[in-house]
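Biologist: I would like to go through the labels on this model one by one. For each of them, please set the value against the cut-off.

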Amino acid sequence: MVVDEVHHAPARGWERAIVQWPGRVWGLTATPWRLSQGEGFDHLFHALIAGPQTAELQAEEYLAHSQVWTPLQDRISGGEVGGMGDFTEGGIAKANDDDGDGGNFIMTTLAVIHWRRMAAGRQTVVYAVSKTHADNLVREFTNRGISAAAILSDTPQDKRQQAIDDFKSGCLTVVVNHAVITEGFDLPDASCVMITRPTKSLALYLQMVGRGLRRKDDGSNYCLILDLAGNAEEHGLPEKCRDWSLSARGNPAAGEPPVHHCHECNYMTHPAHHNCPECGADLGKPCPRCGKFRPWSRWTVDCPVEHEAVCDRCHDDIHGKLGIGRFNRNQDSLSYAKRAEEFHEEGNLEAALADYFFAIHVAKTENRPGQLAAWHTYRATVHAEMGNIDLAEADFSEAENICEGGGSLTQAALDFMRRERTKMYEELGENAR
């Protein structure tokens, strides 16, 4: 038995047929990888014979090279993850609903704008999130004078063949599809692949970009990949060398990002590069604490605790030694204040101080003057306990200014701050200021 696209083998029907077959079984696939971390192929096959890597085939000019571009902002987001382990169509649509009423500017209009800026004139295969999304993209391309057609699972055979023929002859510039032109589909050469959907599946990602890696007749021998969902940042470049295995992959180990993203031109390049091969911009710098080169995405940002600018690993190490959790801008100020109070009760004043820094920082962004005044007051009491009287006085003064100018704040908040301030000076043997 010879099984093509054998990465589907663990599926129930496939597995039953393979197990019941009395003779030898050969499986063929370009992507021996399952989305489920607990599924492998070692219960069905005894050996894996790996062919050459994509980079080797590109070096020998059997495959075209890729140039991957992804936007830094306004990417197509993922959203809800379904039972199969990948983003759901509805979850993606909801995550990118710009106007809260079904609008999808990022997924359609902006996608076509990116294409016109980066790939105008290139014959392109586009991967859409859903059939509706595919139809919307075709309409957007057509309204801008670009010949486009959709190939969907329910597209009649005659219309599907006509679209393929027109694409092959050059009469059709863009083919938009949903769940059709991936594996086992014979499509003429494309010099651009535009991915307008995020995926957690490495196999699906490689199947999509693979549609553009055939050798080019025009001699350019490269394909432009417009990765509008930033999939390469999770899965790596198409030519990344990958260690395939029959075993279940388990939880992926934490490590360096699989690509470096140029913040100047949005080009995606191999993590060994310290400068962008497209525009020459610096992609990062060595960390002063550990000495390792880190891309800009790995540098500490938005941290209210004062320490040297270091990479995220050294940042975690600094905070870990102080017993301080890493700053998460998605956590509300009240959560940080509660944790700070717990640290204060335990006597871990450094950690309490840091979490009040976090609480104040987030309260400012949330525009919550009542919480902001309270956290300044509480941080002042920690400073006072540590002997940082000038810093405590600065926090008390800031809390007083907020209370007096907050409008909606109660007199009780101001009275509380003044009591704590008086208490500090009484314990110092001084008159309250």
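**Labels and their cut-offs**

Biologist: Why is Ala374 called partly exposed?

Modeller: Its relative accessibility is 23%. Buried means under 20% relative accessible area, exposed means over 50%, and partly exposed is in between, with a 1.4 Å probe and protein chains only. The value for Ala374 falls in between, so the residue counts as partly exposed. Ala374 is in helix α12, residues 369-386, where a helix is a DSSP run of H or I with at least four residues, a strand is a run of E with at least two, and both are numbered from the N terminus. The C-alpha atoms of Ala374 and Ile402 are separated by 9.6 Å, with the two positions 28 residues apart along the chain.

Biologist: What do these values rest on?

Modeller: The model is predicted: local features need pLDDT of at least 70 and side-chain atom pairs count only at pLDDT 80 or more, while totals for chains, interfaces and linings use all residues. Residues are numbered from 1 along each chain as its sequence is written, and side-chain values use heavy atoms, with hydrogens and water left out.

Biologist: What makes α11 and α12 roughly antiparallel?

Modeller: Two packed helices are described by the angle between their axes and the distance between the axes. For α11 and α12 the angle is about 160° and the axes are 9 Å apart. The axes are lines fitted to C-alpha atoms, for helices over the stretch in contact, and the angles run from 0 to 180 degrees between N-to-C directions. Under 35 degrees counts as roughly parallel, over 145 as roughly antiparallel, 65 to 115 as roughly perpendicular, and the rest as oblique. The angle is over 145, so α11 is roughly antiparallel to α12. The contact (heavy atoms within 4.5 Å) involves, among others, Tyr356 and Phe357 of α11 and Trp375, Tyr378 and Arg379 of α12.

Biologist: Which rings form a cluster there?

Modeller: Tyr356, Trp375 and Tyr378 are linked by ring pairs. Rings of Phe, Tyr and Trp (its six-membered ring) pair if their centres lie within 6.5 Å; planes under 30 degrees apart count as stacked, over 60 as edge-to-face and the rest as tilted.

Biologist: How do you know that Arg379 sits over the ring of Phe357?

Modeller: The charged end of Arg379 is 4.4 Å from the ring centre. The rule asks for NZ of Lys or CZ of Arg within 6 Å of the ring centre and within 35 degrees of the ring normal. Lys285 lies over the face of Trp299 in a similar listing, at 4.8 Å from the ring centre.

Biologist: How are α12 and α13 arranged?

Modeller: Helix α13 covers residues 389-405, and α12 packs against it at an angle of about 160°, with axes 8 Å apart. The two are therefore roughly antiparallel. Their crossing is left-handed: the near helix is turned anticlockwise from the far one by less than a right angle, whereas clockwise would be right-handed.

Biologist: Why is α4 called oblique to α5?

Modeller: Their angle is about 50°, with the axes 9 Å apart. That value lies in none of the three named ranges, so α4 is oblique to α5. The contact is made by Thr109, Ala111, Val112 and Trp115 of α4 with Leu137, Glu140 and Phe141 of α5.

Biologist: What makes Glu140 buried?

Modeller: Its relative accessibility is 16%, so Glu140 is under the limit. Beyond its neighbours within four places in sequence, Glu140 touches Thr108, Thr109 and Val112.

Biologist: How many aromatic pairs does the whole structure hold?

Modeller: The search finds four. Trp115 and Phe141 are edge-to-face, since their planes are at 85°, over the limit of 60, with 5.4 Å centre to centre. Trp115 is in α4 (residues 109-119) and Phe141 in α5 (residues 131-143), so the pair ties together parts 26 residues apart in sequence. Both Trp115 and Phe141 are buried.

Biologist: Why is the pair of Tyr336 and Phe358 called tilted?

Modeller: The centres are 5.1 Å apart and the planes are at 55°, so the pair is tilted. Tyr336 in α10 (residues 333-346) and Phe358 in α11 (residues 349-366) are 22 residues apart, and both are buried.

Biologist: Is Ala179 buried or exposed?

Modeller: Ala179 is exposed, because its relative accessible area is 60%. Ala179 has a positive phi of about 60° although it is not a glycine.
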